[in-house]
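Work through the exercises below with the structure open. Each task is followed by its solution.

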Amino acid sequence: MSSYDAESGAIATFTVFASSTSSTALSTTSSSVIAKLQGIDTSVKYKQTNVGHVWYGILALLGLATTINALFLVWSMHRRYGFKQTRCTFSSRPLERVALRRVPHAVLSACRILAFRKRVPYIQMTLLELVLTVLYLGGCLVWSFVPEDSVFPRTNLNPIFWGGNTAKLAAGQLPLAVALAMKNSPITVLTGIGHEKLAPLHRIVSRCILVLVWLHLVGAYVYPLLRIPRVYSPEHFLNASWKIAGLVGAIAQTITTIFGIQRIRRRYYEVFYSTHVGLLLIFLIAVHLHCIPVKFDKYVWSVWIIWGFDRLARAGRYLVLNVFLRPKDPKALVECIGADGLRVTLKRRVMGGWKAGQHAFIAFPKLGIESHPFTIGSICEKEESGEAEMAFTIRAMSGQTKILIDLAAPSGSCELTALVDGPYGHPGDIRAFSTCVFVAGGTGVTYTLARMHQLFRDILASDACANRVVFVWAVRTETESQWILADLAKIVALAPPTISLAIEIFVTSSCPTVLLPTLAKDGDLEKVLALSATSADRKLPLSPCSEKESRCDQKTEEDFNSQESGTSTPVRSDTDHFDSGATTPTVTGSTEDAFPLSQSYARIMRRSGRPDVRRILEGEVTASRGAVAVDVSGPDGLVNVVRSVLCQPFNGPMATLKGAPTVMLNVEQFRM
């Protein structure tokens, strides 16, 4: 075939498709002229791609997640209201024979390990996230390239054909991408998945849309320019404002996706956030203008409605919490607590209160309109006025938190007017579990401390089944260990006498040890609280080691996460470690290096070195006579180690078949 024949064939194929759809970038009038020149029958009509087909799969997955959430809620209610607690002895469980009645439990354990705990190397995604990405993008591409009828000649593999289809599918997925990014998402209500955990799915959908947009650009624009240059020139594709708008939208989305790459996003989060908001507004406006002539703007209108609802809901919360239910004192107290730590406390009247482990967005008008999410470190305890204190423990990094600590440093504290939006998040319900393990690193303790406090209240109210509670907190320096010591002592005093309680604070720094306040045999808890409060007020001048600790505090997060692991902790990549130095010992359980902080019915133990996460979790799982809940919050290294440990054989499907309990893992991380 000559080059002229090949070009004529391309024109003919393009004309047949262009005359049967309004989504192509080329005008039907000019296509009809070419068809007459080529002697082509333009009456052939092709069945167009149905965007709803992809949505059928999306709604099916949403229905499955909703069903699983409903079943969990039913099981939790059954356990809480129908389960009779049994006294638990903490000796190792002897291995039992495989029991077929435990097959559902084994399947559940296998699904949790494969879907949520196994990480795919190099791409930092769980297996479930990878599978969803492949299925979602694969489904969109299938509906872009596969014909939906048996009309000949086939055009499904012609770039003009799939160039139009990818445009439709990209527009049809915009409402889903925005819904997954909402703070007030109905998806959270249905599935029990908080907005912060939907963020990875939002990125998956957004990047799939980017692929579809560029396929549309190549098929509908680049291909005709290359194959039919004598008919279509670059000016032909830029002769209308809606075409230019489409190109601007594609460029805007490409730039925001580049800034959304993990390394760039985390290193320059302030820049990412600003450009993300601005470029996405440009993208949506441009796409709306591009879709109007081809009558696909109904999907963009859906986006504006969803986005507007979320904005109105957040604005309404701001007004209710800060204006209509105006507190007596709208200011927040910002205190320096040492080691670049800040304690922010404020009072608000929150209708319905908040759940332990939820977070709120705080904005300081003096510092700008930007707001940041922080975990609420206290439970909702309303005063007579209806107000409840919200406490936040924050580590100053850069940006706004750095400005806060600079303002508070001269006098040790300052007061700033604060605006609160929240609460947000959907922490897992742990009331139905027999053993609850809380593991935290650094400021992640705000999450686990509040969760344990609420659990104690639920047990006292006969609304929780736990008979064993373990609290582990790893910090780098002695100064950090004082951050919440007074609050921890108060909460321990509230622990029900019917539970077995173990609380350990691990100081991983290699700096010399400073003993924390202890009680004499005839001492009481008030003395501990007084000593702790005094130490905090004096910025903890406990020993000459303070200067060394200050130098230890300067260690970056990379140093905190990049050293060797203990011998009994599974060795992973550099980001999987949360210890502070290669010479820091891993605690193996000996009590010789442990210093008791109180000697009531529960003990707060101080240890030097890194916690042996595997020993702790394996011991609790194998000893528990019922389901186990593990809550973890802290650096990526700590979270990854916990995930890795819970993939080990002691928690695997075979162990579950032999009687080992199932384990639910709750992770709290703000890694936007």
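**Exercise 1.** In this predicted model, find the residue on which the kink in helix 8 is centred, and give its angle. Then compare the span of helix 8 with the expected one.

*Solution.*
- Start with the bend: helix 8 kinks by about 30°, and the centre is valine 218.
- Next, locate the helix: it covers residues 195-227, 33 residues in all.
- Now take the span from first C-alpha to last: 46 Å.
- The expected value at 1.5 Å a residue is 48 Å, so the two are close, as the expected span is 1.5 Å times one less than the number of residues.

**Exercise 2.** Which strands are joined to strand 3, and in what direction do they run?

*Solution.*
- Strand 3 spans residues 331-338 and is joined by 5 bridges to strand 8, residues 413-417. This pair runs antiparallel.
- Check the register: leucine 333 lies opposite glutamate 415 of strand 8.
- Strand 4, residues 341-348, is also antiparallel to strand 3, again with 5 bridges.
- Here cysteine 336 has leucine 342 of strand 4 as its bridge partner.
- Finish at the turn: 2 residues separate strand 3 from strand 4 in their hairpin. Alanine 339 adopts a positive phi there, near 55°.

**Exercise 3.** Describe the chain as a whole: its elements, burial, contacts and exposed area.

*Solution.*
- Count elements: 22 helices and 18 strands.
- Burial: 52% of the 672 residues are buried, with under 20% relative accessible area as the cut-off.
- Contacts: take those between residues at least 6 apart in sequence; 76% of them link residues at least 24 apart.
- Surface: about 31000 Å² is exposed, 62% of it from carbon and sulfur atoms.

Definitions and conventions:
Residues numbered from 1 in each chain as written. Predicted model: local features only at pLDDT ≥ 70, side-chain atom pairs only at ≥ 80, totals over all residues. Heavy atoms only, no water. Pairing = 2+ DSSP bridges. Helix = DSSP H or I, 4+ residues; strand = E, 2+ residues; numbered from the N terminus. Bend = angle between axes of the 7 residues up to and from the residue. Buried < 20%, exposed > 50% of the residue type's maximum accessible area, 1.4 Å probe, protein only. Contact = heavy atoms within 4.5 Å. Areas by Shrake-Rupley, 256 points an atom, 1.4 Å probe, with all protein chains shown as cover.
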